[in-house]
Amino acid sequence: MAGEMQTNRINRAQFLAGVAAAGITGAAGSLLTAGTAGATTPRRRGLTYRGVGYEVADGGTSQTSWRADRMRTDLWTIKELLHASSVSVFGDGVDRLTATASEAAERGLHIYLQPRLGDRPERDTLEHLAEIGKYAERLRRQGAKVHLSVGCEFVLFVPGIVPGADALERIKNLLAGTYDHKLMQRKLSAFIARAATVGRSVFHGKLTYGAASDDVIDWTLFDIVSIDYYSYFARRGAYVRDLRQYQRWGKPLAIAEYGTCTYKGAPQRGGMGWDVVDYTKDPEQIIDGLVRSERDQAIYLTEVLGVFEEMGLYSATVYEFVSPDAPHRNTPRYDLDMACYGLVKAIWETPDRPGAGWHWQPKESFFALADAYRRAARPSR
């Protein structure tokens, strides 16, 4: 295993040294007490699964694209050092998705397998789903703990539900209100129903869908209610009240995604925290005035995780492990990792080029969640 860790330039000794440097020593550690209200509150029931999202995709460069050896190292890290019990394997490409899911199953991780074929016709999306669903069923029959998610926020990723040539244009139209809401809802509901039918036809385990928190979904189609949850409230009780609305279906509630970016004020920006990069500049630049803060990211994640634990939700999956194409740089203006939700930061060989030896380093949020996951999984005495 130590040889695997060297691929990403971190070994267990370095990891433990980082934990000490971050000041995370348990429930009374300085990171958690810095701003996590109720960090030492005993769990009442706790989550069934605690996980992280892991994307499989062609990267912006050949060096940052999915690679089997890096994937194996990352999943080892997720299981052994992050202490996660679950991983959400998402993205496109049948080979990448199936290879990653198979590796996760071999390591004993619970799996949410979620195909995301963005900006492709509905027929292609459903065919891609069918292929992945068949493989998920094969893993399930072999004894793997796997759930199939038929997709994520179709209004963004599937053309034709909301106007726009790509996801970014569709987001702009949603924010501006330049779309027919009733027509959008009819199209969304119809396509979700078709996806659920395809999923059921090939997969016989638990089925779900990654919905935006304000989507109107017919959850009778699924076994698990799954929400991409990026809300921010100043008080913990407000999270509880907000999340109760999703429990009215009487089904397990999964937080399919939760997270925040790596700068001060990012939690308040929620799911739009990434929208702080000026792509008209060459190279791209972070907008003026942002201050990097790994600590704020860590505090938010442990805060909301505590809420999920106390409510006894089914699962919670932090978004995400790494964003290879958004490197951390020492110059704040060019530090694209500030706009990332990752638990680890990508370090390129040079500021302009990832190179074959690019690697990642854990952020404070990695250490904070590793500690929280480890403590939560410890058997009660």
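**Questions about a barrel and its surroundings**

Reader: What makes both faces of strand β10 (residues 315-318) count as covered?

Author: On one side S315 and T317 are buried, and on the other A316 and V318 are buried. Buried here means under 20% relative accessible area, exposed means over 50%, and partly exposed lies in between, with a 1.4 Å probe and protein chains only. Strands are DSSP runs of E with at least two residues and helices are runs of H or I with at least four, numbered from the N terminus.

Please keep in mind that this is a predicted model, in which local features need pLDDT of at least 70 and side-chain atom pairs count only at pLDDT 80 or more, while totals for chains, interfaces and linings use all residues. Residues are numbered from 1 along each chain as its sequence is written, and side-chain values use heavy atoms, leaving out hydrogens and water.

Reader: How do you know that β10 pairs with strand β1 (residues 49-56)?

Author: Two strands pair if DSSP finds at least two bridges between them. β1 and β10 have four, in the parallel sense, so the pair meets that definition. One position to look at is V52, whose bridge partner in β10 is V318. β10 is also joined to β7 by three parallel bridges, and there I255 stands opposite A316.

Reader: Which strands make up the barrel, and in what order?

Author: Eight strands close up in the order β1-β2-β3-β4-β5-β6-β7-β10, with parallel pairing. From one strand to the next, the twist averages 25 degrees. You can follow part of the circuit yourself: β4 (residues 146-152) and β5 share three bridges in the parallel sense, with S149 opposite T208. Three parallel bridges then link β5 to β6 (residues 225-228), where G210 faces S226. β6 and β7 (residues 253-258) follow with four parallel bridges, and D228 has E257 as its bridge partner in β7.

Reader: Why is β5 (residues 207-212) described as largely enclosed?

Author: Six of its six residues are buried, so the rest of the structure largely encloses β5. Its two faces show this nicely: L207, Y209 and A211 are buried on one side, and T208, G210 and A212 on the other.

Reader: What makes a set of residues a nonpolar core?

Author: The members must be buried Ala, Val, Leu, Ile, Met, Phe, Trp, Tyr or Cys residues, joined through side-chain atoms within 4.5 Å. The largest such core has 85 residues, and F154, Y209, Y258 and F308 touch the most other members. Helix α9 (residues 181-202) gives this core its largest share, eight residues. There is also a second, separate core of 15 residues, including F90, C261, M338 and C340.

Reader: Which residues does F308 contact, leaving aside those within four places in sequence?

Author: Contact means heavy atoms within 4.5 Å. By that rule, F308 is in contact with L47, Y229, L243, I255, Y258, L313 and A316.

Reader: How do you know that the span of helix α6 (residues 122-141) is close to the expected one?

Author: The expected span is 1.5 Å times one less than the number of residues. For the 20 residues of α6, the expected value is 28 Å, and the helix reaches 28 Å from its first C-alpha to its last. Its buried residues, among them L126, I132 and Y135, pack against β2 (86-91), α5 (94-106), β3 (110-115), β4 and α9.

Reader: At what angle do α4 (residues 68-80) and α5 pack, and what is the handedness of their crossing?

Author: Their packing angle is about 35 degrees, with the axes 10 Å apart. Axes are lines fitted to C-alpha atoms, for helices over the stretch in contact, and angles run from 0 to 180 degrees between N-to-C directions. The crossing is right-handed: the near helix is turned clockwise from the far one by less than a right angle, whereas anticlockwise would be left-handed. M71, R72 and L75 of α4 make the contact with A99, T100, E103 and A104 of α5.

Reader: Is M272 buried, partly exposed or exposed?

Author: The relative accessible area of M272 is 23%, so M272 is called partly exposed. M272 sits in the loop between α11 (266-269) and β8 (277-278). Not counting residues up to four places away in sequence, M272 touches I171, L175 and Y341. I171 is 101 residues from M272 in sequence, yet their C-alpha atoms are 9.8 Å apart.
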